[in-house]
Amino acid sequence: MTAAVQLRNISKSFGETQTLRDVSLAIRPGEFMSLVGPSGCGKSTLLRILAGLAPQSGGTISIDGTGIDHLPPSARDIAMVFQSYALYPHMTVRQNIATPLRMRRLPAPARLPGIGRLWPGQRSKHNGIDQAVIDAARLVEIEPMLDRRPAALSGGQRQRVALARAIVRHPRVFLMDEPLSNLDARLRVTMRAEIAALHRRLGATFVYVTHDQVEAMTMSDRVAVMMDGEIVQCASPAQLYGNPRDLRVARFIGSPEIATISSDELIAENGGFAPVLPRDPVTVAFRPEAVLLSPAADHLEIPATLERIEQLGPELLVFLRLGSGTRLSARAAAGRIPLSAEGQSLSAWLPARGFMLFDANGRRLDAPHIREFADAG
Amino acid sequence: MPADLTQSVSISRAPRRLGAILSPRIAYGLAAPSVLLLVLTVMAPIMMMILLSFTSYKFGETGIEWIGIGNYAQLFGDRTFRRALWNTFAYVLMVAPASVLLGLFLAVLIDGLSKGQRFYRLIFFLPVTATVVAMAMVWKYLLHGTIGPFNLLLQSLGLPSLDVFGGRDLALAGLAAINIWSLAGFNMVLFAAGLTAVPEDLYEAAAMDGMDSKFDRFLNVTLPLLGPVTMFVIVTSTITAFKVFDTVAVITHGGPRGATDVLLYTTYLEGFSYFRMGSAAAMTVVFLAIMMVFAWIQARVLDRKVHYR
């Protein structure tokens, strides 16, 4: 049932513009893989190519080692859930879910709308389909709504119908194109958990496209971050957060956004940073939880101005501004820090080691050439 | 059960007040001009005509006599009227289905083009914009039994010539063909509008669901989603076909030997050639009654059966 999906050097261009450049991705059997990136990064295009809805300009796709490039969408054993759900408005929920099976199992005359049921010799097939529809509906808990039309359902219920329509034929690979983006925030959290649970229950390979990094981080085994038609980094959520290989990834993953300060500015604010930073100008990045508002060991103080505080209940997000206008955010436990007026001057303590460094092209510097060693050498 | 399942979509049917509450006097005062216009221009003429249909009024006579249902009794005994009624139904049965199917066919065909959609739509829409009387003259010439290019073509191919409007067999069909020709373009535009309203991702979902052939997708997605448009097109085409008059008046005058006598033309002759206004009014009432049936079907079926949202 589960299948490995292999994308090799996929490229796609629409006329002059190149949407995908040499994208390669190996998805393991049963994996929940998210494609995440800002809008226009090519993630939906990649999914549509995988589904067979659009041809690639170059490269190959294989499932379990077999090339599927020549196959039409229906023959790829792939199901897709669309952002708009794409339910057939004239069919009941039951008919919607049954459609993929009707098209596959019944001969042409028997699937004519309305009169198809009269075609002889299909009773057992019809019964099989009816049972499969009920099973799929039960799995996503929409059994009571089988005889309604999509127009009479709420957004979340339509989403479930779309899922059931994908589940019903037990495909090897599920593709989901921003399936939660039309739902309200509360429902999105619920459905997030349910889709993740569904993935565990079905054990099938999921490829999930989203622009929402929280969705990608919470649901996936691995996340492929796409920027400008390329996969910048593909790793587990924890890896992406803690060990981004590219400044764009570091900025895209995590909220509030990672703070970036040029090494020159940092040294100007506190000379103590000079020995721990490389000689060449680099970008230093601090996650909000690395920024402290009280003195601590191995941390260096810099002056800042309070810009804004966001109360999140158990914790606070404190937004600061440095003298040159560079922004910095800190995560602090609520009630611990007596802060009041905006524009108030205060000090922030930044770690003197263990920060992330990126070069001028935004690439991560693995072993920073610390000035101490350079001077010593 | 998750929270989103318990809340169903409720469509409020209660009227919503948008503005301030007006006193009845002002409200009726504001409605009065349109009510007056409606009565003067629509209701009153219809009432007059219905009243007239119960009299023996002849145009130009000073006296007027109430004869009850005499006109109607006479109508249904009248061979000419029954023939006109029959001809009209036969005409509608030819024009309505053919123009709807041809319109749908053209719309789907043009929708599948990658280039020149606009051009072809324009070409097929041209007959709609042309004056029917002028085009009828052209058709009369084209299909003329001896000098018409259509017959010259047949003759040059060694086929027997067809005198379309000269014989009883083909005259009505010939008129129907002209109406189909002009109506199909109009229906095509309506279907084309309906086609653009079908969301593209439904076709993608259909492709994923195994509808590989275009025919499957047409039957399972396009056609059902065109339901509302189709119903509208069928009803308007039927009504238009029922109202056939100008081609009959210009080309055949109801002939040959009554083969193209239709309801409106007979009514016209009765009222404005023989000046029997009473019986012409009765015919018009019959015509109106038939129209009402279609209007009713349109209102009921259209709103109930084929709208999905």
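Reader: Which residue follows H1(A), and what is the sign of its phi?

Author: Gly52(A) follows H1(A), and its phi is positive, near 95°. Helices here are DSSP runs of H or I with at least four residues, strands are runs of E with at least two, and both are numbered from the N terminus. This is a predicted model, in which local features need pLDDT of at least 70, side-chain atom pairs count only at pLDDT 80 or more, and totals for chains, interfaces and linings use all residues. Residues are numbered from 1 along each chain as its sequence is written, chains are lettered from A and ligands numbered from 1 in the order in which they are written, and side-chain values use heavy atoms, with hydrogens and water left out.

Reader: What makes helix H1 of chain A mostly covered?

Author: Seven of the nine residues in H1 (43-51) of chain A are buried, where buried means under 20% relative accessible area, exposed over 50% and partly exposed in between (1.4 Å probe, protein chains only). Among the buried residues are Leu46(A), Leu47(A), Ile49(A) and Leu50(A).

Reader: Why is the pair Arg165(A) and Asp209(B) called a salt bridge?

Author: A salt bridge needs a side-chain nitrogen of Lys or Arg within 4 Å of a carboxyl oxygen of Asp or Glu. The N to O distance between Arg165(A) and Asp209(B) is 3.8 Å, so the pair meets the rule. Across the interface of chain A and chain B the rule finds two salt bridges.

Reader: How do you know how much area chain A and chain B bury between them?

Author: Buried area is the accessible area (1.4 Å probe) that two parts lose on being put together, summed over both. For chain A and chain B that comes to about 2,800 Å², 59% of it on carbon and sulfur atoms. Tyr88(A), Pro89(A) and His90(A) supply 20% of the area that chain A buries against chain B, more than any other three residues.

Reader: How many residues does each chain bring to the contact?

Author: With contact defined as heavy atoms within 4.5 Å, chain A gives 43 residues and chain B gives 27.

Reader: What separates domain 1 of chain A from domain 2 of chain A, and what do they bury?

Author: The bounds, 5-250 and 256-376, come from an automatic or database domain assignment. Their C-alpha centres lie 41 Å apart. The two domains bury about 900 Å² between them, 46% of it on carbon and sulfur atoms. On the side of domain 1, Tyr241(A), Arg245(A) and Leu247(A) lose the most area, together 62% of what that side buries. The count of salt bridges between the domains is zero.
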